[in-house]
Amino acid sequence: MLLLALTGSLATGKSTVSALLSQPPYNLPIIDADILAREVVEPGTPGYKKIVNHFASSTPDLLLPSPPERKGRPLNRAALGRRVFGSTHSRQRDRKILNSIVHPAVRYAMARSILYHYLCGYWAVVLDIPLLYDSRLDIFAPVVLMVAANSHVQMSRLRLRDPHLSEDEARNRVASQGGVDEKVARTEARGKGRGYVVWNNGSREELEAKIREVIREVERGRRGVWRWAFLVLMPLAVLWAGWEVGKGWWGRRQWAAEMKEKDE
């Protein structure tokens with residue numbers, strides 16, 4: 001089974017692409033890292049307890065009132081966002097702490113979902129991961145699809161989607177996910193057949209056409225006999241997965257070496 005990682009920064013259209021891939025003619029299962037990230041910090045979970053223990057004392061409005069139908073007080077995501085989004089040293093430090101709590105729990109939940117869809121016989125599954133490179137999950141995906149947009153398009157879409165955000169808050173949220181240019185470069189560096197960049201600065205129809213072409217290319221040679229061979233012969237699937245992870249690890253290492261060489 002192919003793991004197709006879908007990534008992109010805020011307001012680039014990644015969610016639109018995710019919705020497209022979940023519908024006909026693709027009908028691919030979507031494992032959404034954002035949804036899992038919410039589930040693993042629900043009241044009563046280990047992740048919830050760690051966040052409360054670390055942030056509650058310095059964030060008075062961290063918890064919302066407990067609704068009648070739920071147990072425990074849910075996290076106030078807006079307050080937590082104000083605490084960790086931004087470019088100051090303290091906010092970057094807090095964001096790293098938050099990620100160190102959420103990311104491992106999301107990885108475990110993701111692995112369980114991947115196994116389930118593998119046993120169901122799907123030829124591919126989409127891993128919707130906004131912070132794919134930051135979370136270092138890119139090595140597990142043989143194919144990465146990056147949805148990109150120009151910065152002014154991002155800001156315009158984000159302010160339209162979330163009108164309650166001030167211009168500075170919107171800019172901080174965009175900046176917190178890293179620059180689009182670097183993600184584009186890393187995706188393109190994966191090489192032909194392993195990294196696809198789709199620019200979404202135009203209409204939905206243009207986006208749909210680009211996605212159609214990408215999936216058509218990805219499908220070539222990845223369906224049919226190999227799909228059933230991997231399903232029936234699990235050791236073969238494990239060996240193939242290990243080979244793909246190795247290629248992903250080597251690609252990341254080469255990228256790091258190139259960046260180090262440029263800095264010097």
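## Burial and overall build

Of the 264 residues in this protein, 44% count as buried. Do keep in mind as you look around that the model is predicted. Its secondary structure consists of 11 helices and five strands.

How does the radius of gyration fit with a compact globule? For 264 residues such a globule would come out near 18 Å, and the protein has 19 Å, which agrees. Taken along the principal axes, the box filled by the C-alpha atoms is roughly 55 × 45 × 40 Å.

## Contacts across the sequence

Here is a look at how the chain meets itself. If you take the contacts between residues at least 6 apart in sequence, 71% of them join residues at least 24 apart.

## Surface and charge

The protein has an accessible surface of about 14,700 Å², and carbon and sulfur atoms account for 57% of that area. As for charge, there are 40 positive and 28 negative charges, and the mean positions of these two sets lie 5 Å apart.

## A closer look at Arg186

One residue invites a visit of its own. Arg186 sits in helix H8, which covers residues 180-189. Arg186 is buried, yet it has no salt bridge. Which side chain of opposite charge is nearest to Arg186? That is Asp138, 4.1 Å away; the salt-bridge cut-off is 4 Å, so this pair does not count as one.

Leaving aside residues up to four places away in sequence, Arg186 touches Tyr133, Asp138, Arg252 and Trp255. Asp138 thus appears both as a contact of Arg186 and as its nearest side chain of opposite charge.

Key:
Residues are numbered from 1 along each chain as its sequence is written. This is a predicted model: local features need pLDDT of at least 70, side-chain atom pairs count only at pLDDT 80 or more; totals for chains, interfaces and linings use all residues. Side-chain values use heavy atoms; hydrogens and water are left out. Helices (H or I, at least four residues) and strands (E, at least two) are DSSP runs, numbered from the N terminus. The radius of gyration is taken over C-alpha atoms; the globule rule is 2.2 Å times the number of residues to the power 0.38. Buried means under 20% relative accessible area, exposed over 50%, partly exposed in between (1.4 Å probe, protein chains only). Contact means heavy atoms within 4.5 Å. Accessible areas come from the Shrake-Rupley method with a 1.4 Å probe; for residues, only the protein chains shown count as cover. Lys and Arg count as positive and Asp and Glu as negative; His and the chain ends are not counted. The place of a charge is taken as NZ of Lys, CZ of Arg, CG of Asp or CD of Glu.
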